Amino acid sequence: MSKGFSARGAGLNGVQKWLIVMAAVAVVFAAAAVVRFSSLRRPNLLASLPRPEEGAPLVMIAASRGEFPSAVFNALAYSATISPGGVSPISLMIPAFEEASESALVVTERDYGLSAYGAFTLDSGEMAQLSKGALPPAWAERFIMPQVTKDADGILQISSFSVPSPLYLGLSGNVAFIADTKSDISKIQELRSKALPGIDHKWRVEKSWGAHILIGDGGVIGAIASGAADTEGRENPLTLEAAWRSSGFPQEGSSPTTEARWQIWGLEDFVDASFTAGLKKYDWSGRDFFMPSPLIAALGVNLPDPGKNEKTASRYPAAIRAVAAHLSQMGLKPSEAQRILSGPAVLSLGGRTQVLWFDLPGIAVDIIGRGKAAHKLIERFWSETFMGAAPRPVPGYSVGGATDLPFSVLAAANDDSAVIGLTAPDAHTDSRVKSLLERESAAIGWVFVDLPRLGASLSEMSSVNALLYDDDGQEDAKNGEARETEALRQSLAKLGSVLALCDAPYQGRAYWY
């Protein structure tokens, strides 16, 4: 008779219990890792799109739901001739890019102008409607009297009074491919049917973030800087790459904003290494810079000091060397000119200056901590530039002053700073940048832009230009320019303000709010 299992024999000893617990924990962690890994494996829609022509200027975007930079694209679409009428039909589909779980878009230069194409994921309802050759209801609302036709290859052509040229759309699974030219949608179809390689770009800035953009100038900026007569054979292209995500950048009364990281490649071909080696961080918080209100834009930079090394100074950017030469012509010693051009400086666009009977945005530069060299600069400014004119005193400044004739000019200094600019001296200082910089760590430099105010200023300048250069023979051209300026103003009005900081040469962070 065999013995039955005893209670002790049927139970688990301590070692077995721990083995089971450890196995269970391992399974849980493995499952969590699988879930996390699968969530990180986002579809690479850029790989499904044709590569732009080698060396062509381009904008390339990849984004997750809610991260697509629609306002940026609209500003581009309404201010550049993407299609013959000036507006890409893809602009009407930007809400679909925003709502898609994943999206990608490319804008690049062609022989006939700019062209845009992209891809985004669809939900089941959208797929069903489009498969039947019909627009989803939410899409149809964006077009005026849309007409949809389907060719033998399954490509949908969407025509509408909303845009001057058709929109082309192809389907593959739950992904819609879209282009504003028939040639680009055909390239996309060919890419998929022949399994050809698409865009092979590996993001280098914050790879895990949900949205990225790459902007390449194709060497255009370098060609302009070198004075090239045309853009053939452009060299030294510049490339900006940025990544962004939703952020709770703390500001009372504002909604959560966008935090970004950015980096530029190619600038090293234009700026000597000896200059960038001297760039140092500066604590910008707690400083009262002259930035007149209403402020449109401002730039701060901590200029490096070359010391007594004349060879290093000779390699500095041409603009700095030109200013140094002008300071010498004004009667400043080389050591004084070097003092003026070393250290923190802030350039601002804002406030008002009176030119004839027009009120225009003012421009001013504020240099900090230059001591007696700054006092001599202001004295020489009035004696040399304005031939000894006696400016009226400005409160808060012991040297120099301001005048309103022939236009608003301010050139004044105290023991801490010196300001020179075409601006009214009594403008209130804009405190927004100061409050934002107080929350940030030290930086080499920064840029602030109030995009709605920039758009409004462009409209004002366009109106002034029309008054000064009235030409009845160019009425159609002027009306077209006015419409484009107004469209750009409306696009910029939706963009808010941007503060970008440079933490190291050619790279940094930004906040959009």
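**Aromatic contacts, helix α13 and paired strands**

In this predicted model, F68 has a relative accessibility of 5% and therefore counts as buried, the cut-off being under 20%. F97, at 0% relative accessibility, is buried as well. A search of the whole structure turns up 8 aromatic pairs. One of them joins F68 and F97 in a tilted arrangement, with 5.2 Å from centre to centre and 35 degrees between the planes. F68 belongs to the loop between β1 (58-64) and α3 (70-77), while F97 is part of helix α4 (residues 94-99), so this pair ties together parts that lie 29 residues apart in sequence. The two phenylalanines also take part in a wider cluster, in which ring pairs link F68, F97, F120 and W139.

Another ring, that of W265, has a charged partner: the charged end of R204 sits over it, 3.7 Å from the ring centre.

Turning to helix α13 (residues 372-385), a simple check of its length works out nicely. At 1.5 Å a residue, its 14 residues should span 20 Å, and the C-alpha atoms at its ends are 19 Å apart, which agrees. The buried residues of α13 are A373, A374, H375, K376, L377, I378, F381 and W382. What do these buried residues pack against? Their partners include the helices α11 (318-329) and α12 (334-340), together with the strands β13 (358-368), β14 (399-403), β15 (409-413) and β16 (417-422).

The packing between α13 and α12 can be followed at a single residue. E336 lies in helix α12 and, at 17% relative accessibility, counts as buried because the limit is under 20%. Setting aside its neighbours within four places in sequence, E336 is in contact with A373 and K376, both of which appear among the buried residues of α13. E336 and K376 are 40 residues apart along the chain, yet their C-alpha atoms are separated by 8.7 Å.

Strand β17 (residues 445-450) has two strand partners to describe here. With β11 (residues 295-303), β17 runs antiparallel and is joined by 5 bridges. With β18 (residues 497-504), the pairing is again antiparallel, and 6 bridges join the strands. Which residues stand opposite V449 of β17? On the β11 pairing, A297 stands opposite V449, and on the β18 pairing, V498 does. V449 thus offers a handy point from which to trace both pairings of β17.

Terms used: Residues numbered from 1 in each chain as written. Predicted model: local features only at pLDDT ≥ 70, side-chain atom pairs only at ≥ 80, totals over all residues. Heavy atoms only, no water. Phe/Tyr/Trp six-rings, centres within 6.5 Å; stacked < 30°, edge-to-face > 60°. Helix = DSSP H or I, 4+ residues; strand = E, 2+ residues; numbered from the N terminus. Buried < 20%, exposed > 50% of the residue type's maximum accessible area, 1.4 Å probe, protein only. Lys NZ or Arg CZ within 6 Å of the ring centre and 35° of its normal. Expected span 1.5 Å × (residues − 1). Contact = heavy atoms within 4.5 Å. Pairing = 2+ DSSP bridges.
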